[in-house]
Number of protein chains: 2
Amino acid sequence: DQSLGEIPPAEDVRDSLSLRTHTCGELNVDHVGKWVTLCGWVQYLRYDLFVILRDFSGLTQILVPQEESASKVKADLCDLTVESVIMVTGTVRKRPAGQENKEMPTGEIEVLAENVEVFNVSKKLPFEIKEFVKKSESLRMQYRYLDLRSSRMQKNLRLRSQLVMKMREFLCNEHGFVDVETPTLFKRTPGGAKEFVVPSREPGLFYSLPQSPQQFKQLLMVAGVDRYFQIARCYRDEGSKPDRQPEFTQVDIEMSFVDQEGIRTLVESMLQHSWPAEKGSIQVPFQTMTYEEAMRDYGVDKPDTRFNMKLTDISDIFSSTQVEFLRSALDQPEGSIQAILVPCGAVRRKPSHELSLVLVRTDGTLKSPLKKLLSASVTDVLIKKTQAQPGDLLLIAAGTLHSVRPLLGSLRLQCAELLESHGRPVRDPLAFHFLWVVDFPLFLPKEDEPQELESAHHPFTAPLPEDTALLFTEPHKVRGQHYDLVLNGCEIGGGSIRIHRASEQLYVLKNILKEDPSQLTHLLEALDFGAPPHGGIALGLDRLVSIIVGAASIRDVIAFPKSFRGHDLMSRAPDTVSDKDLTPYHIYVKWPTKQGGEEK
Amino acid sequence: DQSLGEIPPAEDVRDSLSLRTHTCGELNVDHVGKWVTLCGWVQYLRYDLFVILRDFSGLTQILVPQEESASKVKADLCDLTVESVIMVTGTVRKRPAGQENKEMPTGEIEVLAENVEVFNVSKKLPFEIKEFVKKSESLRMQYRYLDLRSSRMQKNLRLRSQLVMKMREFLCNEHGFVDVETPTLFKRTPGGAKEFVVPSREPGLFYSLPQSPQQFKQLLMVAGVDRYFQIARCYRDEGSKPDRQPEFTQVDIEMSFVDQEGIRTLVESMLQHSWPAEKGSIQVPFQTMTYEEAMRDYGVDKPDTRFNMKLTDISDIFSSTQVEFLRSALDQPEGSIQAILVPCGAVRRKPSHELSLVLVRTDGTLKSPLKKLLSASVTDVLIKKTQAQPGDLLLIAAGTLHSVRPLLGSLRLQCAELLESHGRPVRDPLAFHFLWVVDFPLFLPKEDEPQELESAHHPFTAPLPEDTALLFTEPHKVRGQHYDLVLNGCEIGGGSIRIHRASEQLYVLKNILKEDPSQLTHLLEALDFGAPPHGGIALGLDRLVSIIVGAASIRDVIAFPKSFRGHDLMSRAPDTVSDKDLTPYHIYVKWPTKQGGEEK
């Protein structure tokens, strides 16, 4: 028990492992009279009266002693600059009546400095810490170590660490998962155009940084590990894309002897278990929707289910229309006319030729370029079917299903944003809507060669059992055992039950995807030596955390992110490398010529 | 409550998340009468009588039903091959009296198969799972997914996962550490000759895979994170070296406002907390020794303290010797004659000119080429000083301290191995001797240019406070605040208190190391904007786990290691990459010519 004003016994100090006895955020009236040592940054200096000291946990007011005998301490404190680093030892005092600060957790106390050690005097900052968020992102990135001092970034990093810790406890301690590290120096996957290469010391041989541990996690199931997880670093070279990172992190999970429901239940329980208490609780099971339903109702495979404004098929209203562009839309294969209703959508957008805009006037009549082409009865049915109210906006699109749905799906989101930017709330900013999307097509026509098929996700996804026979007859109709996890309209994860028989995997690779199976010999062989049925999922951790904390970008939940061009603006990576340093790797640089070609 | 023979309610099955109701290792007489579903691999088939089924948890005997009505089940089971994967449903029975297997945890029961589903019939394996350990390592690596099925490898991977989990709990839950992921696409560090390069899409610009998150962890301290840890993937391109891996994992830790003792206490408590129960407990605090003491007594900076056989300085015995090679050794600067005593060392080694071999005969006389050169009094003093007993061996080396100590240090280890290979135990194979080595020199003469200094560890290590003034006068005498953690003679970690003032860091880089500080501008700038005193450590996880489990190589505790040439023998990485795939990276391959040079 520490008595007033005494130096605590050495063991107590040592227990804290660091030079401080307390953190700046934890002091309160219970500590009054205690002799404490605090370490931190000077947040604020008020003349020669007090200093506000900050560490990761909060702020404490340090009182500058005014007696002649303490002139050295006073001089040290008064010479400081903002963001200097000091250690202060002194006695906790109750603030004089009327000087308490109710806004501040430590606002009832102050520490009278009796000793101070100055570790570092800070140079003048490029700008104030609290101003960082308002500055250009490139400036924040250049001085990332200052940006990270903001309470917002401190909170984001700590919440991320806590979330991952709870996921680990859930998987490892409660469900017998084994945390296995898999290599990141791997070989290029067939068609892996987005994989960084890493030259080796053998001429012409390269490693590749994998986009996910997909092959390794499956091989671990063949190896009998039964339940694997890893917080896995993954790499994807997509050049310049906003809000993508060349390296990112996924919560990577794989289980043997499991079905879709098993994986989904696991993920739901894991998220429920690890969800930050301050963000409320989440309800399980999550809503589930087929890919077909998602496209039909929301025009997108990752619907934001926090608001309605679903797509309505109004083709039948126009079945006998003679309006030229509607007629021609309906006459084509999979032709369709669809609408979304924007409640109180007093918003103007430039209509394109595929899209028509219908405003419902307060008297129930329509204001639209379409109006003169529509009969009164069609107008009535249209208003009835879409349940349009005066002041609403109808957006109508005509064309093939494949164009109409994504168009309205995207407009739906833009309308929500537009309404919100005009102060009309559409989505609850505190709500978390999780959604499983299932029954995706297993294969899609290749964009450039629509006669050929490619995997909708990856070639290891198993077909739905009831669709397996179609593999051999109508592969484009096969639905896969793939599931996507969507949160507030963002895809935060995806996974599948995998093919666990070599013959089926070979058929898919060779006969359907027309790929060279020799690159996957090791996996095909493995499936032949006793592979269990297995499946898994990968959650995008950066994205998940950014949605939880309400960050605009994943860069706000990554300690040292790259710019959208893939640069580290703080250290200036990537950087040049001397020819001498490239020699062991048997490569040289092809410099582009002025003509746009390349020279040696 | 499940009654005998009944199918458990659906919730129970779902709770287990997988198709099984129980694992193969958990069944015992308490389960008799229960209706269970097991999934696993066929370990062994005995005619058409029984099947031994294996999963990660153990083995269960499955009884093949013999009734006519179960002929389908019988046929399915009898058609299986070893390592096939099945799901069996049936009733747990007590084995008939006399047929129990005491060796097997489930040896009192068996499961009468009533239903079987065959997931996969295994092809004939290249060799039996239990034989793997005896096969060549390259074969084990080629079929790593089979090798991992062995109980040894299963145990190693699970122990590693558990150990890391406990370290995380200790750091994150008990000591407020924040798990922060740092980038692995970084820029080349000055002189980073062992760093893999990763070409970017900008001509001539390369990322680099860092050897450790050293700069980032220090920047996180400047950022006010206070306590950071990461189980960090690191990369080192050392070409072909036995028992090194191009990627490896370290437990990376950094703290602010801490001293050496704080870090050492933390690491000791962490290891104590996470130590596997089955390996006994470890005592803290660990022994501490200065670098000078380690070199003096063991001739090496990472002494194996499980056994004695320390170096003894016997120079004074020979102070007036006229024996030519001893005289010339002593006459040079730092000349020394030292000995180690090998108890019962009836071992013959070829003496080199620097090394003399003295056998102590049972009558107390010496057998040695030296003998005739030594007077009786010198012989007496020698035997007394080294406490040599009849039957012992004395190894005597003469030369400079810098050559004598490492020579005897290395012989000491070779003698221990030799004695053990002859059946004389020297080291307790179950003992874990931790040791801190401290007070290393901060700088060492460069090997090729001994007039210049290089960092003994890295340029960020702070000097001992009492040696700081020597930086400006005699830098070669400065001791650093570096500490190595040694376990059973292996360095398993190292760290230091870092320089936290820009001016000091700049002086070391520029004036002592003669390095271009512009490559570290970001770090030097950061130290100027309020850097706290900080320090940390990195533990080599692969090495630590391999010592704990008693593995001969770190490859035995890594799921998918590379061969000593850096190859993945399973997937055949690294691999060729087409010119087309290299084009976006603006590089091409310099093929070696037959003459040994290189051509385009």
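The following paragraphs describe the interface between chain B and chain A, selected strands and a helix of chain A, and the surroundings of one serine of chain B.

The structure is a predicted model, in which local features need pLDDT of at least 70 and side-chain atom pairs count only at pLDDT 80 or more, whereas totals for chains, interfaces and linings use all residues. Residues are numbered from 1 along each chain as its sequence is written, chains are lettered from A in the order in which they are written, and side-chain values use heavy atoms, with hydrogens and water left out.

At the interface, 135 residues of chain B are in contact (heavy atoms within 4.5 Å) with 135 residues of chain A. The two chains bury about 12,000 Å² between them, 57% of it on carbon and sulfur atoms, where buried area is the accessible area (1.4 Å probe) that two parts lose on being put together, summed over both. Of the area that chain B buries against chain A, B:Leu17, B:Phe257 and B:Phe529 supply 7%, more than any other three residues. Across this interface 16 salt bridges are found, a salt bridge being a side-chain nitrogen of Lys or Arg within 4 Å of a carboxyl oxygen of Asp or Glu; one of them joins B:Asp237 to A:Arg201, with the closest N and O atoms 2.7 Å apart. Helix α5 (residues 151-175) of chain B, with 12 residues, gives the most to the side of chain B that touches chain A, helices and strands being DSSP runs of at least four residues (H or I) and at least two residues (E), respectively, numbered from the N terminus. By class, that side of chain B has 68 nonpolar, 31 polar and 36 charged residues, with Ala, Val, Leu, Ile, Met, Phe, Trp, Tyr, Cys and Pro counted as nonpolar, Asp, Glu, Lys and Arg as charged, and the others, Gly among them, as polar.

Strand pairing (at least two DSSP bridges between two strands) also links the chains, since strand β24 (residues 587-589) of chain A and strand β24 (residues 587-589) of chain B run antiparallel and are joined by three bridges; A:Val589 has B:Ile587 as its bridge partner.

Within chain A, strand β1 (residues 35-46) runs antiparallel to strand β4 (residues 85-94), to which seven bridges join it, and A:Thr37 is partnered by A:Thr89. Strand β1 of chain A is also joined, by five bridges and in the antiparallel sense, to strand β2 (residues 50-55), where A:Arg54 is the bridge partner of A:Trp41. These strands, β1(A) and β2(A), form a hairpin with three residues between them, and A:Tyr47 in the turn has a positive phi of about 40°.

An open sheet of eight strands with mixed pairing has the order β6-β9-β10-β22-β21-β20-β17-β11 in chain A, its edge strands being β6 (178-179) and β11 (287-290). In helix α8 (residues 291-298) of chain A, the residues A:Ala294, A:Met295, A:Asp297 and A:Tyr298 are buried (under 20% relative accessible area, 1.4 Å probe, protein chains only; exposed is over 50%, partly exposed in between). Their cover includes β11, α11 (401-421) and β17 (434-438) of chain A.

In chain B, B:Ser496 is found in strand β21 (residues 490-497) and is buried, with a relative accessible area of 0%. Residues touched by B:Ser496 include B:His458, B:Tyr483 and B:Gly535.

Conventions
Lists of a residue's contacts leave out its neighbours within four places in sequence.
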